[in-house]
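The exercises below ask you to read a structure element by element, and each task is followed by a solution that proceeds in steps. Try each task with the model open before reading on.

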Amino acid sequence: MIVPTQRAVALALAAAPLALLLGGLRPEGWLLGVAWALGIAILVLLDGLLARRIVRSDLALAVPATAEVGDRVTLTGATPGLAYAADVTPPLDPADTSLAFTAARRGTARVVRLWARVAGPLGLAWRQRSVAQDGEIRVLPDLRPVREQGMRQFLRSRQFGARIRPESGDGTEFQSLTDFQPGMERRAIDWKSSARHLSLLAREYRTERDNSIVFAVDCGRAMSDPVDGLPRIDRAVSAALLAAFVALKSGDNVRLFGFAGRPVADSGSVNGARGFATLHRTAAELDYGSQESNYTLSLVSLDQRLQRRSLVILFTEFTDPTSAELMLAAAARMHKRHRLLFVLFHDVELDRVVESRPQSADDIVRANVAHALLRERRIVIERLKRLGIDALEANPDDLALALAERYVRDRERP
């Protein structure tokens, strides 16, 4: 395809005032303006035909496989000297050039079409060609906070035991007998061994390794709504990755599972520090959904994939009593085989509506509605606890660290 450049368009537009001026001097002079425009059109055609021919091998693009949220993504054409442009889908947003984009949010971006063009020797025409593309770029969560907080928390647990207890001394797996020291719990005393050795001996335990931990993230409509400025699903992914980092460092097996109306992503069971890359890639598939979550289908599917008893950490949100009832029924069935921990974001926005001083009748109505929503929420949480299911509710900014600490406490329980 041959298209005119800006220079050719400017020269063609110059024919209009020329034709007007000549037409004022002599009636037949306007024909010179038309001839000028036709001459420019002929030059554009000739310039395009003289331009370098674009072959199939020129229509190639170097596409990075992954990028993190907030990164600048730059695509590179195969042939230097050619001008390239690409059509991409969200979550990539255009930046300052035709091949530079900004990763605005998580998800999988696709390169739909690529254009390549080269200018003719006169600079009046572009020879242009396009081809469909099928490249994919996974926009992953930003791991800088996860790496910093996770490693700081893991190292602190190793050195001081201030946040996460060390592997020796607590837990459920017997390790050895040791002399009873002041400060130890009396229930740790082994009375039979103490009687045989005529001195107080205490049992020392260690934390079990190779536990199965599943992070199940709800990707439905309710989780796509923002809380305190960020979508719930983004906060859930960040918290899950932080806890997964600590779990992998502790020697446990970790799985990341996402669902909405049906299961949408599953990393499979991974272990070791290298398994975190698999969780990171799977997190890009947890997209923002617009449909209601199907707890029955999704949790039953997850239960069928788990080969042994696991700790299932479920990130979700419920907005009405009907969805809460379905969620409770599915959770009760899964609780028969696994341990469940529901992770909920404390809705600080509803708290602000309830606590703010009303200025009008509309403010009173909003406060009553917010109070009713919070009351229904507390009822659902209490029903979960009565079923024997744990629930963790924290402020959005504090949830990641609170979950990491809660995970370590739960993995030490039988």
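**Exercise 1. Partners of a long-range strand**

How many bridges join strand S1 to strand S10, and do the two run parallel or antiparallel?

*Solution.* The model is a predicted one, and what follows should be read in that light. Begin with S1 (residues 2–4) and S10 (residues 125–140), which are joined by 3 bridges and run antiparallel; within this pairing, Pro4 stands opposite Ala125 of S10. Next, take strand S3 (residues 66–68), which pairs with S10 over 3 bridges as well, but in the parallel sense, and here Ala67 has Val139 of S10 as its bridge partner. Finally, turn to strand S9 (residues 107–119), which is antiparallel to S10 and joined to it by 12 bridges, with Arg117 opposite Gln128. S9 and S10 also form a hairpin with 5 residues between them, and in its turn Gly123 has a positive phi of about 75 degrees.

**Exercise 2. Edges of a small sheet**

Find the order of the strands in the open sheet that contains S4, S8 and S7, and work out which strands stand at its edges.

*Solution.* First, the order of the 3 strands is S4-S8-S7, with antiparallel pairing. Second, strand S4 (72–74) and strand S7 (92–94) each have a single partner strand, so each of them stands at an edge and has one side without a neighbour in the sheet. Third, ignoring direction, neighbouring strands of this sheet are turned against each other by 40 degrees on average. As a check on one pairing, S4 and strand S8 (residues 100–103) are antiparallel over 3 bridges, and Thr74 stands opposite Ala100 of S8.

**Exercise 3. A covered strand**

Determine how many residues of strand S13 are buried, and which strands pair with S13.

*Solution.* Start with the count: in S13 (residues 212–218), 7 of the 7 residues are buried. Then separate the two faces, both of which are covered, with Ser212, Val214, Ala216 and Asp218 on one side and Ile213, Phe215 and Val217 on the other. For the pairing, S13 runs parallel to strand S16 (residues 253–259) over 7 bridges, where Ala216 stands opposite Phe257. S13 is also parallel to S18, through 5 bridges, and in that pairing Phe215 stands opposite Ile313.

**Exercise 4. A helix and its surroundings**

Test whether the length of helix H10 agrees with its number of residues, and then describe how H10 packs against H12.

*Solution.* At 1.5 Å a residue, the 15 residues of H10 (residues 321–335) should span 21 Å, and the end C-alpha atoms lie 20 Å apart, which agrees. Next, list the buried residues of H10, which are Ser323, Ala324, Met327, Leu328, Ala330, Ala331 and Met334; their cover includes helix H9 (295–305), strand S18 (311–315), strand S19 (339–345) and helix H12 (361–386). Two packed helices are described by the angle and the distance between their axes. For H10 and H12, the axes come within 11 Å and cross at roughly 10 degrees, and because this angle is under 35 degrees, H10 is roughly parallel to H12. The contact involves Pro321, Ala324, Glu325, Met327 and Leu328 of H10, together with Glu376, Val380, Arg383 and Leu384 of H12. Sorted by class, this contact has 6 nonpolar, no polar and 3 charged residues.

Note on methods. Residues numbered from 1 in each chain as written. Predicted model: local features only at pLDDT ≥ 70, side-chain atom pairs only at ≥ 80, totals over all residues. Heavy atoms only, no water. Helix = DSSP H or I, 4+ residues; strand = E, 2+ residues; numbered from the N terminus. Expected span 1.5 Å × (residues − 1). Buried < 20%, exposed > 50% of the residue type's maximum accessible area, 1.4 Å probe, protein only. Contact = heavy atoms within 4.5 Å. Axes fitted to C-alpha atoms, helices over the stretch in contact; angles between N-to-C directions. Parallel < 35°, antiparallel > 145°, perpendicular 65-115°, else oblique. Nonpolar A, V, L, I, M, F, W, Y, C, P; charged D, E, K, R; others polar. Pairing = 2+ DSSP bridges.
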